Amino acid sequence: MILLQSSSKFLLQTLLNRVNNLEKAVELDYQWVEFGDVRYHIQVTMKNPQYLSLSVSLPIPPPETIFYGGLPVGALEAIKAAYIGIVQILDPPRDGFNLTLKLNLSKLPAQDEQRQVLLVKIASVREVVLGAPLAVVLRSLSSKTVSPNLNQLVAIVHRPKESFFVLPQAEKVTVIFPMRFKDSIDTILATSFLQELIEARRSAGLQNAPLCSWSLSPPPELKEVPAEALSANAGFVTFVIYPRHVEGKKLEKTVWSLSTFHAYASYHVKCSEGFMHSRMRRRVDSLIQALDRAKPDSEASMGTGQSKSFKGLSLKDSRTNSSS
């Protein structure tokens, strides 16, 4: 299984190229989409080559989620804490985007290692913004408290018009994912994959991993959630997070792993589907080769004047042959 990286590869490569050629005045204007839901836009002008404008468009939030100024709860505070000193938040953002950041690349740390760490953090802006509410809840869990702003069931957007749910408590945090897939084949494969994931958690080597369960029906924690938010054709996956899972550096990894769990499951479903398709193609190729070997040699038949075709005998011919 693969764990998805938190940083955008294209964004990180663009930042590195720009930092390494900061003295060169160039004009950049790139737009791209990652994970099928987050859209990026980068701009650099010839007039101010040391400044880079980064705009981010987030998934459309469903009604049950809470956004402030177009951003999830705690996102602004998370951005200011992560990019202190080099980032200016533009208000309002560019049209069609939820967030626009103005980066002063000349203020990056002089040491290569520190600069690389900060650039990776900038390229992980999706994690910083979308994972902000979950980070607030899990940070409170590490101190065994409950955030006063997020002290009940919280809906967090992770895909267009889709959310997962977090129930914060002082001793644990319950995270519930309604799993939805558009394709019927993907739904079947995802159901099998999720059941295998739950079984794998029971092995001896994963005893310290978060508890997880899967069910076709919504768990009791979601009894107050509107029915339209619980339409899941691949069931519900529940994780129980304890303080030991968010200690120290584990916090960021846990936030990212939970924020991208649906993408993680979708990736493995598509890989499984591609693997089965390749196996079927190889099987069909082997059957065609077997049929080709069974064909008579037409050239040899023409040389000898004898026919070796698979022409069937008529009923009259078969009776004549049997009587003779």
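In this predicted model, M280 has a relative accessibility of 49% and therefore counts as partly exposed, since the exposed class begins only over 50%. The residue lies in helix α8, which spans residues 261-294. On the surface, M280 joins F275 and M276 in a nonpolar patch, and the accessible area of these three residues together comes to about 310 Å².

Elsewhere in the fold, attention turns to a sheet and the helices that cover it. The sheet is open and is built from five strands, arranged in the order β8-β9-β10-β12-β11 with antiparallel pairing. Its edges are formed by β8 (154-159) and β11 (211-215), each of which pairs on one side only. On average, neighbouring strands of the sheet are turned by 20° against each other, direction ignored.

At the β8 edge, the partner strand is β9 (residues 162-168), and the two are held in antiparallel register by five bridges. Within this part of the sheet, R159 stands opposite E162 of β9.

Two helices pack on the sheet. Helix α5 (residues 132-142) touches β8, β9, β10 (173-178) and β12 (236-241), and its direction makes about 15° with that of β9. Helix α6 (residues 184-201) also packs on the sheet, with β11 and β12 as the strands it touches; here the helix direction makes about 145° with that of β11. Strand β12 is thus touched by α5 and by α6.

Methods. Residues are numbered from 1 along each chain as its sequence is written. This is a predicted model: local features need pLDDT of at least 70, side-chain atom pairs count only at pLDDT 80 or more; totals for chains, interfaces and linings use all residues. Side-chain values use heavy atoms; hydrogens and water are left out. Patches are made of residues with over 30% relative accessible area and no salt bridge: like charges are joined within 9 Å, nonpolar side chains (Val, Leu, Ile, Met, Phe, Trp, Tyr) within 5 Å. Accessible areas come from the Shrake-Rupley method with a 1.4 Å probe; for residues, only the protein chains shown count as cover. A salt bridge is a side-chain nitrogen of Lys or Arg within 4 Å of a carboxyl oxygen of Asp or Glu. Helices (H or I, at least four residues) and strands (E, at least two) are DSSP runs, numbered from the N terminus. Buried means under 20% relative accessible area, exposed over 50%, partly exposed in between (1.4 Å probe, protein chains only). Two strands pair if DSSP finds at least two bridges between them. Axes are lines fitted to C-alpha atoms, for helices over the stretch in contact, and angles run from 0 to 180 degrees between N-to-C directions. Contact means heavy atoms within 4.5 Å.
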